[in-house]
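I opened this entry to keep track of what I looked up, element by element. The sequence and structure come first, then the notes.

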Amino acid sequence: MCEQCGCSVSHEHVRVSDAKGTVSSTPADPHAIAVLTHILRENDELAAHNREHLSAHGVLALNLMSSPGSGKTSLIEATIDAIGGRLRIAVIEGDIETENDAVRIRAKGVPAVQITTGQTCHLDAHMVHEALHALDLSAVDLLFIENVGNLVCPASFDLGQHANVTLLSVTEGDDKPAKYPAMFRISDLVLLAKCDLLPVLDDFDPAKAERHVRALANRAPVMPVSSRRRDTLAPWIAWLDERRSKLPRPSATAHAHHHHAAE
Amino acid sequence: MHELSVCMSLLREVERAARGRAVKEIAVAIGPLSGIEPQLLERAFAVARAGTVAERANLVCHEKPVRLACSACGQEVEVPLNALVCPACGDWQVRLCSGDELLLESVTLDVEKEAL
């Protein structure tokens, strides 16, 4: 039922941007060209290209998203330590400003490419494509793409990742999945970060956070992790290994850079 | 606020459809699960259209409702954007019929301007 006018038909609400206020054309307008393309078509095509490129090299690529300060970089550092050289890791760091996060990762002996987005609030497939050219993918098994800290904008842009991993730290509200449904609906894994703090926080209920994810019809695993407690990382590392085992076998032939011809 | 990035992409798709001809109207479909706020897109459009084939065009946003079809009980219903399981039977195996659109529907050419 329509909430605005109470009619029983679910119709859409039309907005016209210009003050002139008249919708001059109808679908019958002979000068209307039906298009029906995704507005982010260019981004999506380049993302598909990135994914193909990564798969061809047998690289599992993960898009790490969260609010600022949820502990994405700390989790990557702890994951590097936990994996301990068993897999070759690389990191693409997205931040509005500074190389600080890339410096932290390089201190672990892991290659890191910093993308500084200026004032842009998200990474897109073009930025990741550029960053991929700065990495030797034949020497990488696992690529973390740390998105700009933001639970809104990154949800709209496919980067070419194989899976979305969203961190929700227990110092935030357990209702974040209900507040940011676009992000949590597309998450393939939700990590409840900083779980070592749960004993001193009486207002974050992990079961409630999981219920909010389930309400989005999302069956993704919801796992508590702490970058400060190695023992909490085992399920996350097992998830990484499982996702890696599901990657298609890298093709023997070199990946060709083909470009989609415009119509 | 990523609506400006989205608006630049929209204008590239419009230019591609219009092939240099002036445009008087652009129709888009936006669902709330796309993460795009139509009002912000409109404001970004008012700035971004300058110097493009759409510099005199109206942007018409068709705001789509979030609608599910339940594969368990067959219901098709409109739901709030953060309650995406079937409200009738509680099943999570649902198909989103509408609500995540970010679609350029049509471009209407400005034939009067063309004739001048």
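For the loops and other elements named below, I took helices (H or I, at least four residues) and strands (E, at least two) as DSSP runs, numbered from the N terminus. The model is a predicted one.

**Entry 1. Chain A overall.**
I counted eight helices and nine strands in the secondary structure of chain A. Chain A has 263 residues, and 41% of them count as buried. I also looked up contacts in chain A with a separation of 6 or more: 74% of these come from residues 24 or more positions apart.

**Entry 2. The sheet of chain A.**
In what order do the seven strands of the open sheet in chain A run? I read S5-S4-S6-S3-S7-S8-S9, with parallel pairing. Strand S5 (112–116) and strand S9 (222–224) of chain A are at the edges with a single partner strand each, so each has one side without a neighbour in the sheet. On average, neighbouring strands of this sheet are turned by 20° against each other, direction ignored.

At the S9 edge I checked the pairing with strand S8 (residues 189–193) of chain A: three bridges join S8 to S9(A), and the two run parallel. Within this pair, A:Leu191 is opposite A:Met223 of S9(A).

**Entry 3. Helix H7 of chain A.**
Helix H7 (residues 206–214) of chain A lies across strand S7 (163–169), S8 and S9 of chain A, and runs at about 155° to S9(A). Which residues of H7(A) are buried? I found A:Ala209, A:His212 and A:Val213. Their arc around the axis is only 100°, which means that they sit on the same side of H7(A). These buried residues pack against S7, S8 and S9 of chain A, and also against helix H5 (176–179) and helix H6 (181–185) of chain A.

**Entry 4. Helix H4 of chain A.**
I did the same for helix H4 (residues 125–133) of chain A, where the buried residues are A:Ala125, A:Met127, A:Val128, A:Ala131 and A:Leu132. They lie on the same side of H4(A), because they cover an arc of only 155° around the axis. Helix H1 (41–56), strand S4 (89–95), S5 and strand S6 (142–146) of chain A are among the elements that cover them. On the face of H4(A) turned away from the buried side I noted the exposed residues A:Glu130 and A:His133.

**Entry 5. Positive phi.**
Most residues other than glycine have a negative phi. I looked up two that do not follow this.

A:Thr98 has a positive phi, near 80°. It is found in the loop between S4 and helix H3 (100–106) of chain A. Is A:Thr98 buried or exposed? It counts as exposed, because it has 11 C-beta neighbours inside 10 Å, and the cut-off for exposed is 12 or fewer.

For A:Ala217, phi is positive and near 60°. This residue belongs to the loop between H7 and S9 of chain A. A:Ala217 has 19 C-beta neighbours inside 10 Å and therefore counts as partly exposed; buried would take 20 or more.

**Entry 6. Contact between the chains.**
I listed 43 residues from chain A and 47 residues from chain B in the contact. On the chain B side, at least two residues each come from helix H1 (3–18), strand S1 (23–30), helix H2 (38–48), strand S2 (58–63) and strand S6 (102–109) of chain B. Sorted by class, this side of chain B has 26 nonpolar, 11 charged and 10 polar residues.

Strand pairing also crosses between the chains: strand S2 (residues 32–38) of chain A and S6(B) run antiparallel and are joined by five bridges. A:Ala34 is opposite B:Ser106 of S6(B).

**Entry 7. Nonpolar core.**
How many residues does the largest nonpolar core have? It has 100 residues, and those with the most contacts inside it are A:Leu143, A:Ile145, A:Leu191, A:Leu192, B:Val14, B:Ile26 and B:Val28. I followed up B:Val28. Neighbours within four places in sequence aside, its contacts include A:Ile39, B:Leu10, B:Leu59 and B:Cys61.

**Entry 8. The sheet of chain B.**
Chain B has an open sheet of three strands, in the order S4-S3-S5 and with antiparallel pairing. Strand S4 (76–78) and strand S5 (94–98) of chain B are the edges; each has a single partner strand, so one side of each lacks a neighbour in the sheet. The average turn between neighbouring strands of this sheet is 30°, direction ignored. Four bridges join strand S3 (residues 67–70) of chain B to S5(B), and B:Leu68 is opposite B:Leu96 there.

Conventions: Residues are numbered from 1 along each chain as its sequence is written. Chains are lettered from A and ligands numbered from 1 in the order in which they are written. This is a predicted model: local features need pLDDT of at least 70, side-chain atom pairs count only at pLDDT 80 or more; totals for chains, interfaces and linings use all residues. Two residues are in contact if their C-beta atoms, placed from the backbone, lie within 7 Å. Ala, Val, Leu, Ile, Met, Phe, Trp, Tyr, Cys and Pro count as nonpolar, Asp, Glu, Lys and Arg as charged, and the others, Gly among them, as polar. Two strands pair if DSSP finds at least two bridges between them. Axes are lines fitted to C-alpha atoms, for helices over the stretch in contact, and angles run from 0 to 180 degrees between N-to-C directions. A nonpolar core is a set of buried Ala, Val, Leu, Ile, Met, Phe, Trp, Tyr and Cys residues joined through C-beta atoms within 7 Å. The arc is that of the directions from the helix axis to the C-beta atoms.
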